[in-house]
Amino acid sequence: MTYKEIYTESIEQPEKFWKHHADEIEWYSKPQIITSEDENGYPLWYKDGELNVCYLAIDKHIQDGYGNNTALIYDSPVTQNIKKYTFLEVKTEVAKLAGGMLSLGLKKGDTAVIYMPMIPQAAFAMLACARIGVTHSVVFGGFAPHELAIRIDDCKPRVIITASSGIEIDRLIAYKPLVDEAIELASHRPKKVIVFNRKLGARVPFKKYDVDYDALIYGSEETACVPVNTTHPLYILYTSGTTGKPKGVVRDTGGYAVALKFSMTHIYNIKPDEVFWAASDVGWVVGHSFIVYGPLINRNTTVIFEGKPIKTPDASTFWRVIAEHKVNAMFTAPTAIRAIKKEDPDGEFIKQYDLSSLKTQFLAGERCDIATLEWYQKHIPAPAIDHWWQTESGWPMIANLMGVEQLPIKPGSVGKAVCGYDIRIFSEDGTELGANKEGYVVVKLPLPPGTLLDLWQDNPRFKSGYLDQFPGYYFSGDGGYKDDEDYIFITGRVDDVINVAGHRLSTAEMEEVVSSHPSVAECAVIGINDSIKGQIPLALVVVKLNDEIEHYQLQQETIKLVRQQIGAVASLQSVVIVDRLPKTRSGKILRKLMRSIADGENFQIPSTIDDENIVGEIDSVLQKYNIGIYNVK
Ligand code: COA
Ligand code: AMP
């Protein structure tokens, strides 16, 4: 089948298409109803099916006779440790952990927060939750206690599963005290905290609510998988939106399992027993879909990598991992390639490794600049495939379907619409735009299986954020255009979300934190181009009248505040003082205008601006601070 044929079938006969793909996974009770609607009229898939994702990821393969195959490779340059786990070994650990969780009183329908570094126990914790129908919410380890507390209060976990520590390059990060601080800050009290003691660094003080992970497993019986309904929430994953409060994306079970199986075969072109490596973190959607659930459902070996593309120990790490574990397909963010390219511009490290196993390099998470793509293709024989998706979709929406037909690569484009996604480009008033016209990227409803069900206990925000803007369509929050061959180009977010090193962050949230500084009258945080991280935040601050704080002091204090409240991952480094911010006559801050000035792009002064002189003022302040002179366009 060609791409055109399979895509057309998915759009014209969705029910037939997704019924067929539902047969690719095993159900306890096969769905008879393929499409339906929830009580709010939102499309649902496979409403009456019953399954268990942990069963699909682990137990099924053992039953099929593959128990001794490698399920997971833990490769940790920061602890100089490599450990392999078979499906049988994973099952023993996961089934015992699940048994231990039951003994702590957890039951199907409860929630659990997982706050872990990149160690196998993070995946075990996710699978153990799935095994007993507990909805997990993994929080990225780079978020500060305040952020963790917001998520605890929103999803009200019965337990938190964490580890004593993580390692950032050569720095030990004590995770457990961060969890204790978050519990102090939150109003909701989890009953227990299960702590995996890594025995690195100082002993962690024991709290009354702590349960030792190893002791829990040692003292527990293995427990079986619990069947859950298709629409049972497998997980809640918080992501940044346009306000200070993160959005809890709710993922179903059945549609997701079907979509992941489809992705592994049709997009990633990876066969059972091959090795798949997504160099991301379990705290992001990539980690959920393509470190843990997707590869395991497809009976692949998945790599859990605890390191960075550089400095652990150098820019050869990725190539070493690919060669050593014979990785067949890899997924990373362009930032990682830019960081490697900077350290090893001539690809000297690459020459030292046999990368013949690598069939495809997938890139996503942020825009991939053409120079990075070209550098990759110059040095590595495998095709580099950019593709586009979001936490909300859970799996790729635009790609090159490598398991169907490799279409010619157009640098700068993220490919063509994936099966099930009817992607359109709309103008602000909801008119569909023709070829090469830039507008809002939207998807005609229904979205295919596996995409978000709702926002956790916030259906009004789900509707207003995604569905109300263009009735009958899902609004992605991204801008872009299609060319005359239906290749899609993403031009960036059209809202206050930025992507820093492939990490999705909210500038509105950073503004809230910066504004809490006592000297700040008002501020705007915008994302500006950065040669390594793609985007970084820049804070423009108006200081209160008669406040004589020095720039250096204000900068240090606001950076510290953002690190404390959001986390170091926000990467705020530049804070500049301006006399005033450009606004419309109705008082709306013109953030896009400031972004264009900082990035040195051509811009038009909006007719709604309250005072045109301010453009020159902002430009000279940014020049004074050397903002924007090192960025990539
Ligand atoms: N736990 C605790 N802290 C964390 C963390 C974690 N899991 N992840 C990041 N941080 C901290 C870092 O230690 C750093 O702190 P510092 O400012 O005190 O040094 C800060 O957050 C920023 O980290 P990072 O974004 O990793 O930047 P970096 O400058 O340390 O490294 C890169 C630069 C390019 C090597 C790194 O950003 C990278 O590997 N990027 C690829 C990311 C990626 O794969 N994203 C995929 C998402 S799909
Ligand atoms: P996240 O939800 O963290 O996966 O971030 C999703 C956002 O990242 C999207 O809305 C895009 O803005 C951006 N993004 C993801 N992949 C790409 C890509 N390949 N090219 C450009 N932007 C991307």
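Colleague: Is Cys 523 buried or exposed?

Modeller: Happy to help, and keep in mind that this is a predicted model. The relative accessible area of Cys 523 comes to 6%. Buried means under 20%, so with 6% Cys 523 counts as buried.

Colleague: And how many disulfides does a search of the whole structure find?

Modeller: Let's start with the idea: a disulfide is a covalent bond that joins the sulfur atoms of two cysteines. To count, the two sulfur atoms must lie within 2.5 Å. Searching the whole structure for such pairs gives a total of zero.

Colleague: Which cysteine has the sulfur nearest to that of Cys 225?

Modeller: Cys 225 is in no disulfide. The nearest cysteine sulfur is 4.6 Å away, while the cut-off for a disulfide is within 2.5 Å. That nearest sulfur belongs to Cys 54.

Colleague: What is the distance between a polar side-chain atom of Glu 168 and an oxygen atom of ligand 1?

Modeller: Glu 168 is one of the closest of the 23 residues that surround ligand 1. Arg 171 is also among the closest, and an N or O atom in its side chain is 2.9 Å from an oxygen atom of the ligand. For Glu 168, the distance is 2.7 Å.

Colleague: How much of the area that ligand 1 exposes when taken alone does the protein bury?

Modeller: Tyr 175 joins in too, with a polar side-chain atom 3.4 Å from a nitrogen atom of ligand 1. Taken alone, the ligand exposes 940 Å². Of that area, the protein buries 82%.

How values were computed: Residues numbered from 1 in each chain as written. Chains lettered and ligands numbered in written order. Predicted model: local features only at pLDDT ≥ 70, side-chain atom pairs only at ≥ 80, totals over all residues. Heavy atoms only, no water. Buried < 20%, exposed > 50% of the residue type's maximum accessible area, 1.4 Å probe, protein only. Near = heavy atom within 4 Å. Polar contact = N/O pair within 3.5 Å; in protein donor to acceptor, adjacent residues only side chain to side chain. Areas by Shrake-Rupley, 256 points an atom, 1.4 Å probe, with all protein chains shown as cover.
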